[in-house]
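Subject: Handing over the structure

Hello,

Here is the structure I promised to pass on. Please open it first, then read my notes below.

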Number of protein chains: 2
Amino acid sequence: MFKIDSEDKNARTGKLYTGHGIVETPCFMPVATKATVKTLTSDELDSLGAQAVISNVLHLYLNPGVDVLKKVGVHKFMNWNKTVFTDSGGFQLIRDFNLKVTNKGPMFKINKTNHFFTPEKCTKTQNQIGSDVAMVLDDCPSYDSSYETVTNSLKRTVEWASRCKDAHKNINQLIFGIVQGGVFPDLRKICVEKLLKIGFDGYAVGGLTIGEPKDDMLRILKCTVPLIPVNKPRYMMGLGSPEHILESISLGVDVFDSAFPTRNARHRTVMTRNGCFEITKKKYSDDFSPVDEECRCYTCKNYSKAYIHHLFKEKELLGMRLLSIHNLFFILNMMKNARNTIRNNEFDEYKKDFMEKYHG
Amino acid sequence: MFKIDSEDKNARTGKLYTGHGIVETPCFMPVATKATVKTLTSDELDSLGAQAVISNVLHLYLNPGVDVLKKVGVHKFMNWNKTVFTDSGGFQLIRDFNLKVTNKGPMFKINKTNHFFTPEKCTKTQNQIGSDVAMVLDDCPSYDSSYETVTNSLKRTVEWASRCKDAHKNINQLIFGIVQGGVFPDLRKICVEKLLKIGFDGYAVGGLTIGEPKDDMLRILKCTVPLIPVNKPRYMMGLGSPEHILESISLGVDVFDSAFPTRNARHRTVMTRNGCFEITKKKYSDDFSPVDEECRCYTCKNYSKAYIHHLFKEKELLGMRLLSIHNLFFILNMMKNARNTIRNNEFDEYKKDFMEKYHG
């Protein structure tokens, strides 16, 4: 289900075979938390070059609910015929829903209703809605947790991972484990070893890009990625900044997801080869060039900075949409360039060149 | 610049020749007040069959401002290569900006700044931004104004119309007069006569669909439209309900505009041949059929009621966008059917059939 095609030092290109086609790696997944990549149609995603999106089983469990989704499956529901990953919601449980772990299992409260969202329920729900890749339910401690807290949390993560694996019954669906362990290399190592014993189709690095210093993030990524067997797909969760994606690719990471490009877009930030800028700045009000002169995306071919500036000033939704298209094209195009340069053994050069321009 | 092709009783099809092509009439213009039909790209408008849009010179004068727009023109600015009408903002001045008429001319206040928006300035601004059809600045009294108030307002409307005509210097731009006169047939008659003496490329009926009872609207429309010479384009401003559009077409109206279909869409209301409904109703949560079984629009070909229901429940912008596409397709398709049935002398039948289904 995963095949490496070419290697350039630790970086590699490969193919991930899922129930809805082949994902060429390294790949970036736009985030469709609620079964929609905000403002965009699935046709637009397709023409931007997206190969997979990641939705969130916890959000889908709450709305529209599994009774709706199991009737048609998530692909038909959102009119997306390519690969769908579903995140387990572990991260969201902690951050948004005040997760408590009781004797009955993980519990969270929404609108005064208690929901018991066990590893079994998380997995079954992902089975039922029919995503192509399910993620295990993990316990994601905040980045500044103590060694002791992370140790305890890790036990839970591993136990839940094992229960998710046991509960997994959809043969058309892959299941990935999630490595936790905070900023402690030894705990990361223990986690990988235990997950490998359980055995998953792929391994994600979780619990990073949640507020920790960048140096910690890269340090932990550098010591964790090599622990995952080379023949398995490696997925770095929630990483969206171009320079860190390229850095991770050079470490041997294959799969990425982040709301960064689309959230940026909705908050007026344009991503370009020469770095980011805010379209609402006064100087763009009469700049009739595209947001990125070098870009071949729909937005850059058809609209000017001045127009998009105007749309944002007037809070017109089309502005968010046009920048979402541009930013996703930018990051997906970067991934394509990464794959091509890895194939030609020129990735380091590409990365170096990119970084220089990006930090200008 | 206006040619009638076929007649079916008082209804007619024709061609309006503008600086950006031919508008086949009867036609409906989506509203692009701030140089954007909310949520949609110009390509989408084009593929929906829109032939013209109407923007608002007052809004454009305020943002992005004439200094920006005169550099590229409104068409290039919004990437729309077909016909653009610009409304004068008379209606908005009254409704939104607390218009006062002083010795210096019409004055309104925004953010503590006084703006003098004279008929000359209104016309010059439209000339500069390069719309294809300019509308005169009119004084639009509220629908419940007394005979005396409307009489005084009418004098102003006619005087301003004359000043707009004198100020009009863009030979590539048509200019339409606007008939006021409230709900008083004799005042409407006087207004038409005076505007005809000034002489315009087309005549709009203004000051209706601003809250007056429907019967008043139709009564005034019925007595006003026949006063406008048959060889001139007749434009009923702000009318968006399908049944009233068809009724007006049978009176001989050629041009319509309204935010109704797109505003409806953003407020969860779906327009169909069988009437309107709200997509957020519980029963649609697991209805996997398109919003309109008979419809061939992009939304109906690709997405289900259940999905759009979900998007609205989650306040996802894609929902507004998908219904905007559907509702505009619906109304533009109705206009196409109207043109075809007029050409075949079957318009009455089409209208009758439409009304029966629509009110079901």
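How many residues of domain 1 of chain A are in contact with domain 2 of chain A, and how many of domain 2 are on the other side? There are 27 residues of domain 1 in contact with 27 residues of domain 2. Keep in mind that this is a predicted model.

**The two domains of chain A**

The domain assignment splits chain A into domain 1 (2-258) and domain 2 (259-360). Taken over C-alpha atoms, the centres of these two domains of chain A are 26 Å apart. Several elements give two or more residues to the side of domain 1 of chain A that touches domain 2. They are strand 1 (2-8), strand 2 (11-18), strand 4 (27-30), helix 1 (42-48) and helix 9 (242-251) of chain A. Helix 9 of chain A gives the most, with five residues. By type, that side of domain 1 of chain A has 13 nonpolar, eight polar and six charged residues.

**How the two chains meet**

Chain B superposes on chain A by a rotation of 180°, with 0.0 Å of shift along the axis and an RMSD of 0.0 Å. The two copies are therefore related as by a two-fold rotation axis. In chain B, the C-alpha nearest that axis belongs to Leu317(B), at 3.9 Å. Both copies use the same surface: 100% of the contact residues of chain B recur in chain A.

The contact itself involves 29 residues of chain B and 29 residues of chain A. On the side of chain B that touches chain A, helix 3, helix 12 (305-313) and helix 13 (317-343) of chain B each supply at least two residues. That side of chain B divides into 14 nonpolar, eight polar and seven charged residues.

**Helix 13 of chain A**

Look next at helix 13 (residues 317-343) of chain A. Its 27 residues should span 39 Å at 1.5 Å a residue, and the end C-alpha atoms are indeed 39 Å apart. Is this helix enclosed or open? Of its 27 residues, 22 are buried, so helix 13 of chain A is largely enclosed by the rest of the structure. Just after helix 13 of chain A comes Asn345(A), with a positive phi of about 55°.

**The nonpolar core**

Nonpolar side chains tend to be buried together in soluble globular proteins. The largest nonpolar core here holds 217 residues. Val53(A), Phe176(A), Val53(B) and Phe176(B) touch the most other members of that core. Take Val53(A) and leave aside its neighbours within four places in sequence. Val53(A) is then in contact with Met29(A), Pro30(A), Ala32(A), Val37(A), Leu45(A), Trp80(A) and Val84(A).

**Leu208(A)**

Leu208(A) lies in the loop between strand 12 (202-205) and helix 8 (214-224) of chain A. Is Leu208(A) buried or exposed? It has 24 C-beta neighbours inside 10 Å, so Leu208(A) counts as buried. Beyond its neighbours within four places in sequence, Leu208(A) is in contact with Met217(A), Ile220(A) and Leu221(A). The C-alpha atoms of Leu208(A) and Gly182(A) are separated by 7.5 Å, with the two residues 26 apart along the chain.

**Backbone points to check**

Most residues other than glycine have a negative phi, and most peptide bonds are trans. Some places in this model depart from that.

- The peptide bond from Asn63(A) to Pro64(A) is cis, with omega near 5°. Pro64(A) sits in the loop between helix 2 (57-62) and helix 3 (66-78) of chain A.
- Asn63(B) and Pro64(B) are also joined by a cis peptide bond, with omega about 5°. Pro64(B) is in the loop between helix 2 (57-62) and helix 3 (66-78) of chain B.
- Arg268(A) is not a glycine, yet its phi is positive, near 70°. Arg268(A) is in the loop between helix 10 (260-266) and strand 15 (269-272) of chain A. It counts as partly exposed because it has 19 C-beta neighbours inside 10 Å, and buried needs 20 or more.
- Thr209(B) has a positive phi of about 50° and is not a glycine either. Its loop runs between strand 12 (202-205) and helix 8 (214-224) of chain B. Thr209(B) has 20 other C-beta atoms within 10 Å, so it is buried.

Best wishes

Definitions and conventions. Residues are numbered from 1 along each chain as its sequence is written. Chains are lettered from A and ligands numbered from 1 in the order in which they are written. This is a predicted model: local features need pLDDT of at least 70, side-chain atom pairs count only at pLDDT 80 or more; totals for chains, interfaces and linings use all residues. Helices (H or I, at least four residues) and strands (E, at least two) are DSSP runs, numbered from the N terminus. A residue is buried if 20 or more other C-beta atoms lie within 10 Å of its own, exposed if 12 or fewer, and partly exposed in between; C-beta atoms are placed from the backbone. The expected span of a helix is 1.5 Å times one less than its number of residues. Copies are superposed by least squares on the C-alpha atoms of residues with pLDDT of at least 70 in both. Two residues are in contact if their C-beta atoms, placed from the backbone, lie within 7 Å. Domain bounds come from an automatic or database domain assignment. Ala, Val, Leu, Ile, Met, Phe, Trp, Tyr, Cys and Pro count as nonpolar, Asp, Glu, Lys and Arg as charged, and the others, Gly among them, as polar. A nonpolar core is a set of buried Ala, Val, Leu, Ile, Met, Phe, Trp, Tyr and Cys residues joined through C-beta atoms within 7 Å.
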